[in-house]
Amino acid sequence: MSFIPSLNIANLSSPTPHAITGTSSDNAFLDLLQIYRETFELSQKTLKGALDFLSTHIDTRLPASHLSTSQVIPLLVFNSLSWNRTDQVQIRVTFSQPLDSFQLLDAQGQMIPCRILGKNVDSQGKLQAVRISFVAKEVPSLGFKTYYLIPDSQKLLEPVTSSN
């Protein structure tokens, strides 16, 4: 991870010390803005790398007591806060094989209500991808919770559209 030292240098070597006190010029502000942008991009890259690493080491297999199918898609919801968190999650999922419909389950097999925000369908009306929203309840502090998208034979409801 050779980009981590760059992150520290970008934070500590600001060429515009007067930017903090508000006495800087436009050029100094633009320089500082560039440093902040680079720092943000590096921190996002670091976060993505860390979450990708963690994700590969988590057992996301569907518990044995539930339906077993090759099209089950595990969804990991991470909580970076130091307290349990309940919050809305939005995700776009692309299916390897088109589906008629799906259900969202938690690790205990309980159905989780979700809202379909958008969908892509093939020429036969089967789902190729969806964008959904759901509430992830009590995700442990500094931890994660696993949800599962499972194919379903029921008809899909129309996506919710914004009133704006």
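Partly exposed, as used in these legends, lies between buried, which means under 20% relative accessible area, and exposed, which means over 50%. The model shown in every view is a predicted one.

**View 1. Overall arrangement of the protein chain in the predicted model, with two helices and six strands.** Followed along the sequence, the elements of the protein chain come in the pattern α-α-β-β-β-β-β-β. Of the 164 residues in the protein chain, 30% are buried, and the area that the chain exposes is about 11300 Å², with carbon and sulfur atoms supplying 55% of it. When contacts in the protein chain between residues at least 6 apart in sequence are considered, 72% of them join residues at least 24 apart.

**View 2. The largest nonpolar core, which holds 19 residues.** Within this core, Leu75, Phe95, Phe102, Phe134, Tyr147 and Leu149 are the residues that touch the most other members. At least two residues of this core come from each of β1 (73-79), β2 (85-99), β3 (101-106), β5 (127-139) and β6 (143-152), and β5 gives the most, with six residues. Apart from this core lies another one, made of five residues, including Leu62, Leu105, Tyr148 and Ile150.

**View 3. Surroundings of tyrosine 147, a member of the largest nonpolar core.** Leaving aside residues up to four places away in sequence, the contacts of tyrosine 147 include Ile73, Pro74, Leu75 and Val77, and they further include Leu104, Leu105, Asp106 and Ile112. Phe134, Val135, Ala136 and Lys137 are also touched by tyrosine 147.

**View 4. Strand β1 and its pairing with β6.** The side chains alternate along β1, with Ile73, Leu75, Val77 and Asn79 pointing to one face, where they are buried, and with Pro74, Leu76 and Phe78 pointing to the other, where they are not. Strands β1 and β6 run antiparallel and are joined by seven bridges; asparagine 79 stands opposite glycine 143 in β6.

**View 5. Helix α2, with a nonpolar surface patch and a salt bridge.** Phe29, Leu30 and Leu33 form the nonpolar patch on the surface, and together they have about 280 Å² of accessible area. Leucine 33 has its place in helix α2 (residues 26-56) and is partly exposed, because its relative accessible area is 36%. Elsewhere in view are aspartate 52 and lysine 48, whose side chains meet in a salt bridge (2.6 Å, N to O); both residues lie in helix α2, four residues apart, about one turn of the helix. Aspartate 52 has a relative accessibility of 37% and therefore counts as partly exposed.

**View 6. Salt bridges of aspartate 87 and of lysine 126.** Side chains of opposite charge can pair when their charged atoms come close. The salt bridge between the side chains of aspartate 87 and arginine 85 spans 2.8 Å, N to O; aspartate 87 is partly exposed at 34% relative accessibility, as is arginine 85 at 31%. Lysine 126 forms a salt bridge with aspartate 100, the closest N and O atoms being 3.2 Å apart. Lysine 126 lies in the loop between β4 (114-121) and β5, and aspartate 100 in the loop between β2 and β3, so the pair ties together parts that are 26 residues apart in sequence. Lysine 126 counts as partly exposed at 27% relative accessibility, and aspartate 100 is partly exposed with a relative accessible area of 42%.

**View 7. Glutamine 97 in strand β2.** Glutamine 97 has a relative accessible area of 45% and is therefore partly exposed. Not counting residues up to four places away in sequence, glutamine 97 touches Gln71 and Leu127. From glutamine 97 to alanine 129 the separation is 32 residues in sequence and 9.7 Å in space, C-alpha to C-alpha.

**View 8. Positive phi values at glutamate 138 and leucine 142.** Most residues other than glycine have a negative phi. At glutamate 138, a residue other than glycine, phi is positive and near 50 degrees; glutamate 138 lies in strand β5 and is partly exposed, with a relative accessible area of 47%. Leucine 142 is not a glycine either, yet has a positive phi of about 50 degrees. Leucine 142 is placed in the loop between β5 and β6 and counts as exposed because its relative accessibility is 65%.

Notes: Residues numbered from 1 in each chain as written. Predicted model: local features only at pLDDT ≥ 70, side-chain atom pairs only at ≥ 80, totals over all residues. Heavy atoms only, no water. Buried < 20%, exposed > 50% of the residue type's maximum accessible area, 1.4 Å probe, protein only. Contact = heavy atoms within 4.5 Å. Areas by Shrake-Rupley, 256 points an atom, 1.4 Å probe, with all protein chains shown as cover. Core = buried A, V, L, I, M, F, W, Y, C linked by side-chain atoms within 4.5 Å. Patch = residues over 30% accessible without salt bridge, like charges linked within 9 Å, V, L, I, M, F, W, Y side chains within 5 Å. Salt bridge = Lys/Arg side-chain N within 4 Å of Asp/Glu carboxyl O. Pairing = 2+ DSSP bridges.
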